[in-house]
Structure formats: C-alpha cells, structure tokens
Amino acid sequence: MRLRLAPKIVCIFLIAEAMSLLTLSFVFIRYGQNLITSEIEERGDAVAHFLAQLSTYPVLAWNPDLIMDSAKVVMLQKDVVGLEILGNKGQPLVELGKRESPHGVMVFSADILGESQKFTDEEAVIGNLSQVTEKLGVVRIYMGLEDLKKDIRSLKLTVFSIAALTFLITVLIGAYSVHYFVARPLRKLMEGVKRVSSGDLDTITEINTSDELEKLSNAFNKMLVALKANLKKRIEETEYEAMEQNLVILGELSSMLIHEVGNMLNRFSVIEYQLSEEKLSKRGRELIDNFRKELKSLQKFTENVRLFSKRPELELKAIDLVNFLKVIVASFKFMNPKGLKFVFETDVKECLAYVDEDALRQVMVNLITNASDVSDEGSEVRVALGVHGERVRIEVRDNGPGISEEDREKVFTPFFTTKGPLGTGLGLAIVRSLIEAHGGRVWFESHPGNGTTFFVELPVLKAS
Ligand SMILES: Nc1ncnc2c1ncn2[C@@H]1O[C@H](COP(=O)(O)OP(=O)(O)OP(=O)(O)O)[C@@H](O)[C@H]1O
Ligand SMILES: [Mg+2]
C-alpha cells in the first residue's frame, strides 16, 4: 500500500499512542480494581467484627432474641446478603439471608470472643465471669459482589472513555501538528520543485520551520541559484561558441569574397591604366579620374575588411621603434596635398620592442591618416615616443576639431565613420585589434575644438 508521508507519520503516531493509552488504561483499571476490592474486604471484615462484638454479650447470656436483633441490624448493611452465627461448638445460632448470589459472594468471618477486658458494662457480666471461655462462637458474613462488579464495570467505562477522549484530542492535535510542521512545508517544497521543473528558476521557496525541512529548503534554494548560474554560463558558452562558429564561417566567406573582389579590382586597375593611355576627350578624362578614385576607395575598403576579418597573426621581432617611427613619419611628407607638418619627437635614443612590423606600420598609418584627415592645411601632426617604466607609449597628436561627446563611445566600433563613402570605419577597429594582440592598449584624449591625441602603449624590451 502506498501512503503519503503525512498519513504515514499520523499512523505511526496513532499506533504508538493507542498502545501507550491501552497499557496505561490496563494499569489504571488493575489499580482501581484492587482499590475497590480491598475496600469491600475492609468493609466485610469490619462488619464481621462489629457483629462478633455485638453478639458477645447476647451469646454469653444465651439470649437468642438479642442475637437475632443484632443480626438483623447487620443484615441492613450495604452488600450484606447473608449471615451465620455459630456457637463455640459450631452449632448454628442464627442463619439469615443467602449464602450465594448470581454475582458471587465474599465470606468474612470473625470469632465471638469472651475476654473480660472487652466488657465495660460490669452489670451485664456479673456472676458470669467465671464461665467465660475464650471463644464463644463464630460470625460469618456473606457479602454480595454485585456492587463490586458494577463499580469495576463503571471504572473500566470511565477509564476507557477518558482514554478514548484523550486519544481523540491527541489525534486531532497530532494530525494538525503533522499538517502544520511537516505536510505544509513539504507541500511548499513540492510546489517549488514543480516550478523548477516547469522552468521557473527565479522563485525561491521560503520555509521557516527552524528544523531539517528549513535546512532542506535552504539547500534547495542554493541548488537553484547554482543551477541558474550554471545554466546562464552554459547558455553564454553555447551562444559564444555559436557566435565564434558564425564568425569563423563569416571570416572564411569574407576572405574568399575579398580575394575575388581583389582580383576583380586588379583587373579594373589594368583596364583603368589601359584607358588612361588612350586618347580621350576632356569629359572622358574626367570620368577616368572619377573611376580611379572609386577604384582606390574600393581597394582600401577591401584591404581594410581583409585586415579586420582575419585573426591577427603576428610575427614578433625585436625592432628599434625610434628608427621605425622616424621612417614612417617621414614617408607621410611625400604624399602631402594639404602641406601638413609631420613631426616626430622622442627623448630616447633607442627603444627595442617585440612587434610585428607590418602590423605596427598599419597601426601608425591608420592613426596618422586619421590625424591628417581632420587637420587644416599647413597644420601640424606630431608623433611622439616615450618610455614609461616597462612600457613604451606612442602618441599621435593633431590640431583638428576633436571628437564630439556623442562619438567618443563609437570611434572604435567597426564601420563607424563620419567620412561618408571616403571612410570604411574600420581603421581604429583594426588598430585596437592589432595593439591588443601585442598585449598593449590604445585610447585617446580629445577636447572638441582643441585637437585629439591617440595613445598606443606596448611592452618594451630595452630602452636607452
Ligand atoms: N584624430 C581624429 N580626430 C577626430 N576624429 C577622429 C580622429 N580619428 C578618428 N576619428 C573619428 O573616428 C571615426 C572612425 O575612424 P576610423 O579610422 O575607424 O574610420 P575612418 O577613418 O572613418 O575610415 P577609414 O579608416 O577607413 O579611412 C572617424 O570617421 C572619425 O569620425
Ligand atoms: Mg581612419
């Protein structure tokens, strides 16, 4: 038979209680029975002795009428159903009532004694003292047991009624306690488990019973929190894995695409070159110039997408950054339609760092190009190198309009550009990805209307 926990506890409790109540009842009844029986015994003895004393003088005086009177008085006593008075030789002097009863009888006897000291009424015994013998006769009292049995029956009834009432009350209290302290919190816990299995991991189950059930619910809640954290982590991991997979696919796809587009652009360049060699009208020349510009911008775009989409694979070499930067800054002086001043300054002679030359060149070109783009004709773009402890810091400063408050957050975001079709918005994203791949960092300071400085920090090997 399958029973739920609460009825099981109630059943165990009922059995234990019934057993203890029954045992107690039987002990109590036996004790009460003994009390009632000893009471009737005492009474029977007393009545027998009373009659024996009452009969002493009449027997001594051999007065049958007086003996009968005493006997009749005794017959009126409670429970007395019969009596006998016998002489000293066992001869019956009086017989009254019955010696049997349907409920049984108890017999009590007492000797009728003739000791002198028992008589205080001297006149009653005058002249007879010499004839007094020790034992004058015997009195037998027959007491009916009907009342005794009735008393015992009512005692049993009372004890069992009290036991039944106690049982009933304790059952009610016990059942309510089991419901309140066990079944109710368990049901709450069950509801919690059901909620969890239906996917709700947010609702905590509160049980304040200060016992093992409270500990169980606390453990359950802890498990819930851990489960939620674990699940969140798993989801994030899965999302991240899916995203990584997508990125890999996207990367492969875009590099294929970039490769194809690159080939096409090369073919377009050849066509553009061939066309420019032809004799063309003024309008034709203008169109070829436009075509060249578009081609360049498309080449830049594909190159930037190529750089951005591939994971930076660095070939680190120890190079002297002082020389390296000097050459890059100088190269900007040639193609310089705005007539900008490109300045390089440093207070170190040599600064060795482990870097990928191509990558760092790309970084510097992007930063100096950005600075040139925002600079007014003839203004200055300054590149500086300084060593700060174990790190080298490169600064690219311009006197342009600065970066507006609202664009600050976005400048490193891929494809964010304020340059329209001329910009890809990938320059700074590439810078950040390359610098972080070197274990460095990049940031900027900008005061609108007062220029911008981009900082690149890298680990340094040796500086002097
Ligand atoms: N020195 C600077 N001064 C002011 N704004 C800048 C500076 N450098 C970058 N920015 C802003 O950040 C944006 C993003 O720069 P990023 O180099 O990533 O792309 P881009 O220069 O627009 O395009 P591309 O690099 O392909 O030419 C720029 O469009 C510009 O608005
Ligand atoms: Mg740029």
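A residue counts as near a molecule if one of its heavy atoms lies within 4 Å of that molecule.

**Figure 1. Residues around ligand 1 in the predicted model.** The shell around ligand 1 holds 20 residues, and the closest are Lys300, Thr417, Thr418, Lys419 and Thr424. By type, the shell divides into seven nonpolar, 10 polar and three charged residues. Four elements each supply at least two residues of this shell: the helices α6 (282-309), α8 (357-374) and α9 (427-437), and the strand β11 (452-459).

**Figure 2. Polar contacts of ligand 1 with Asn304, Thr424 and Gly427.** Two of these contacts involve side chains. In the side chain of Thr424, an N or O atom is 2.4 Å from an oxygen atom of ligand 1. In the side chain of Asn304, an N or O atom is 3.4 Å from an oxygen atom of the ligand. Gly427 takes part through its backbone, where an N or O atom lies 3.3 Å from an oxygen atom of ligand 1. On its own, ligand 1 has 590 Å² of accessible area, and the protein covers 95% of that area.

**Figure 3. The largest pocket, whose space ligand 1 takes.** How much space lies in the largest pocket? The volume is about 1700 Å³. The pocket is lined by 46 residues, and the closest to its centre are Lys300, Thr369, Asn370, Asp373 and Lys419.

**Figure 4. The lining of the largest pocket, by element and residue type.** At least two lining residues come from each of α6, α8, α9 and β11. Which element gives the most to the lining? That element is α8, with 10 residues. By type, the lining residues divide into 18 nonpolar, 17 polar and 11 charged.

Note on methods. Residues numbered from 1 in each chain as written. Chains lettered and ligands numbered in written order. Predicted model: local features only at pLDDT ≥ 70, side-chain atom pairs only at ≥ 80, totals over all residues. Heavy atoms only, no water. Polar contact = N/O pair within 3.5 Å; in protein donor to acceptor, adjacent residues only side chain to side chain. Areas by Shrake-Rupley, 256 points an atom, 1.4 Å probe, with all protein chains shown as cover. 1 Å grid on protein atoms, 1.4 Å probe; cavity = no way out; pocket = protein on both sides within 12 Å on 5 of 7 lines; lining within 4 Å. Sits in = over half its atoms within 2 Å of the grid points. Nonpolar A, V, L, I, M, F, W, Y, C, P; charged D, E, K, R; others polar. Points joined across faces, edges and corners; volume = space filled by probe spheres on them.
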